[in-house]
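Thank you all for coming; I would like to walk through one structure this morning, slowly enough that anyone new to it can follow. Please have a look at it before I start.

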Amino acid sequence: MEIFPALASVLTDPILLGWVLLAAIVGMVVGAIPGLTASAAIAMLVPLTFYMEPLPALAFLYVIGKSGRYGGSIAAILFNTPGTAASAATQIDGYPLARQGKASKAMKVATISSVIGDFTGEILLIVGVAWIAIIALKLGPPELFAVYFAAFIVIGSVIGKSVTRGLASAALGVLVAMIGLDPISSTERFTFGSFDLTNGISLVPLMIGIFVLGEVFTQIEEKHVKVEMMPDSKDAARNGLSFAEYQPCLPHVFRSSFIGAFIGMLPGLGSAIAAFVAYGEGKRRAKNPEEWGHGALEGVAAPEAANNAVSGPSMAPLLTLGIPGSTIGAILIGVFLIHGIQIGPTLFLTSRDLVFALFACGLIGIVMYGLIGYFGAAFVGRFITRIPTNVLYPIIFLTSFVAAYTSRGNLFDVYVMVAAGFAGWLMRKLDFNPAAFVISFVLAGGAEETFRQALLLSDNGLLIFVQRPIAFGFLLIGLLALIARVRSVKRAERLRTERGLG
């Protein structure tokens with residue numbers, strides 16, 4: 001397999017290994033800080049990668065995403081505050097274990113489960129992505145636009161609590177992406193006479209504003225208080241983890257890994273949905289379901305395995321179709337383009353070695369954050385409690401300004417970042433979805449290009465999307481996903497109403 005030469009190449013490159021190690025540490029620390037996410041850290045660090053070679057740049061951000069997903073479990077277990085949305089499922093059993101003095105045991109279970117889940121997802125990505133790319137090469141513009149359309153519908157309707165607000169967020173992302181010059185006629189669109197807007201809105205300041213400044217504004221509004229760490233027991237039996245203790249977790253871990261990998265391949269669903277689906281399925285199949293929610297080790301293992309298993313497969317639609325399966329994928333698209341790498345089906349023809357080297361870095365990054373987390377998660381927790389929030393957030397705020405300016409050396413990008421920051425804050429406040437907005441912004445250019453190409457090929461206008469079976473199939477998938485989501489939301493509302501009346 002091509003992955004073995006790639007692994008050998010990465011292991012003999014000390015500079016590349018250094019970047020992977022740094023990414024494993026940064027992602028874990030950021031993921032463990034309540035109120036910050038791996039997406040925010042990656043968005044802020046994108047300008048740094050402008051001055052790096054393509055492989056170290058991509059590997060650095062890719063591994064931050066992996067270790068950041070795991071880092072959220074540290075905050076969930078120690079502080080009863082999920083570091084990421086997905087780790088809210090880990091919190092259900094993780095924090096009760098910490099209150100019993102078993103915080104270290106819970107974190108060891110989370111670490112091992114995360115590593116197994118992440119390895120499973122990465123191996124499935126390595127084995128399957130080339131086959132997906134071969135199929136994707138056979139798709140024409142009508143089929144590709146239908147894939148984009150399905151992605152817009154799925155991402156807009158599934159991410160977040162409200163279907164209508166999710167779709168509105170996706171539509172807003174498309175609208176903002178249209179600012180600038182028409183790619184065919186070069187006429188101005190939505191520029192309002194501003195010369196700065198003729199080149200469109202840059203992705204980097206937009207992401208920094210939405211994910212970083214928006215989160216900082218939200219934390220300031222909520223007057224985020226310093227978290228207290230749950231003290232660990234000094235009893236070695238409570239801190240240690242034997243194979244006999246972990247063995248009952250293994251069936252849940254393997255099942256949850258495949259659940260997470262499957263959900264990861266579907267654009268827009270993400271690790272939070274994977275973690276809660278795996279937790280619910282694990283509790284349903286558990287021998288001791290009454291213990292779940294009160295400190296069951298299996299209740300930590302199942303969501304953590306699913307959470308991290310999402311990481312690898314979520315790259316499959318990104319690398320093969322140019323459709324990001326997550327916000328981290330949307331950011332990585334920008335990094336690929338910055339380094340002149342065109343993503344999509346042809347990526348495996350033009351940059352095959354780079355892709356497999358990136359996968360190799362991912363595997364090494366899993367080992368690194370696993371070892372650091374197994375032996376040092378408690379230290380990371382203690383480090384975070386010593387960071388005053390009145391120091392942390394001003395530093396993040398200033399770093400955001402520097403990162404936005406250095407992306408193109410343009411002061412207008414700073415204005416874009418600030419405006420996006422307020423937009424991100426408002427979107428969170430009004431239950432709109434920043435992730436759906438950014439992913440749709442990234443997808444809009446490719447969707448418009450394939451739509452116009454399809455119409456040029458057509459003698460019957462829009463009917464080409466119905467006449468081509470594969471295109472029609474993807475359109476149908478998008479509509480069915482929307483109907484299923486609407487029905488599930490109505491069912492949940494009905495259950496809440498019945499319980500309230502009861």
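Let me begin with a question: is E245 buried, partly exposed or exposed? Please keep in mind as we go that this is a predicted model. E245 turns out to be partly exposed, because its relative accessible area is 31%, between the limits of 20% and 50%.

The partner of E245 is K105, and the two form a salt bridge in which the closest N and O atoms are 2.9 Å apart. This pair links distant parts of the chain, since K105 sits in helix 6, residues 103-137, while E245 sits in helix 11, residues 243-246, and their positions lie 140 residues apart in sequence. K105, for its part, is buried, with a relative accessible area of 4%.

By the rule applied here, the salt bridges come to 10, and I will pick out two others. E143 and R468 meet through their side chains at 3.0 Å, N to O. E143 belongs to helix 7, residues 141-158, and R468 to the loop between helix 22, residues 464-467, and helix 23, so this pair ties together parts that are 325 residues apart in sequence. E143 is buried at 6% relative accessible area, whereas R468, at 30%, counts as partly exposed.

The other one I chose joins D182 and R189, with the closest N and O atoms 3.5 Å apart, and both of these residues are buried. Through salt bridges that share partners, D182, R189, E448 and R452 are joined into one network. As general background, side chains of opposite charge can pair when their charged atoms come close.

Let me turn now to the nonpolar residues. Which residues have the most contacts inside the largest nonpolar core? They are I74, L319 and F359, in a core that has 136 residues. Helix 18, residues 352-385, gives the most to this core, with 17 residues. Leaving aside residues up to four places away in sequence, L319 touches V129, F336, G344, P345, L347, F348, V355 and F359. There is also a second, separate core of 7 residues, which includes F145, I464, F465 and L475.

Not every nonpolar side chain I want to show you is hidden, and F375, which is found in helix 18, is a good case to look at. F375 is exposed, because its relative accessible area of 69% is over the 50% limit. Its C-alpha atom is separated by 8.2 Å from that of K108, although the two residues are 267 residues apart along the chain.

On the surface, L463, V466, F472, L476, L480 and I483 form a nonpolar patch, with about 540 Å² of accessible area together. Helix 23, residues 469-501, gives the most to this patch, with 4 residues. L476 lies in that helix, and at 39% relative accessibility L476 counts as partly exposed.

I will finish with the cysteines. How many disulfides does the structure hold? The number is 0. Two cysteines to look at are C249, which is buried with a relative accessible area of 1%, and C361, which is buried as well, with a value of 0%.

Note on methods:
Residues are numbered from 1 along each chain as its sequence is written. This is a predicted model: local features need pLDDT of at least 70, side-chain atom pairs count only at pLDDT 80 or more; totals for chains, interfaces and linings use all residues. Side-chain values use heavy atoms; hydrogens and water are left out. Patches are made of residues with over 30% relative accessible area and no salt bridge: like charges are joined within 9 Å, nonpolar side chains (Val, Leu, Ile, Met, Phe, Trp, Tyr) within 5 Å. Accessible areas come from the Shrake-Rupley method with a 1.4 Å probe; for residues, only the protein chains shown count as cover. A salt bridge is a side-chain nitrogen of Lys or Arg within 4 Å of a carboxyl oxygen of Asp or Glu. Helices (H or I, at least four residues) and strands (E, at least two) are DSSP runs, numbered from the N terminus. Buried means under 20% relative accessible area, exposed over 50%, partly exposed in between (1.4 Å probe, protein chains only). A nonpolar core is a set of buried Ala, Val, Leu, Ile, Met, Phe, Trp, Tyr and Cys residues joined through side-chain atoms within 4.5 Å. Contact means heavy atoms within 4.5 Å. A disulfide is a pair of cysteine sulfur atoms within 2.5 Å.
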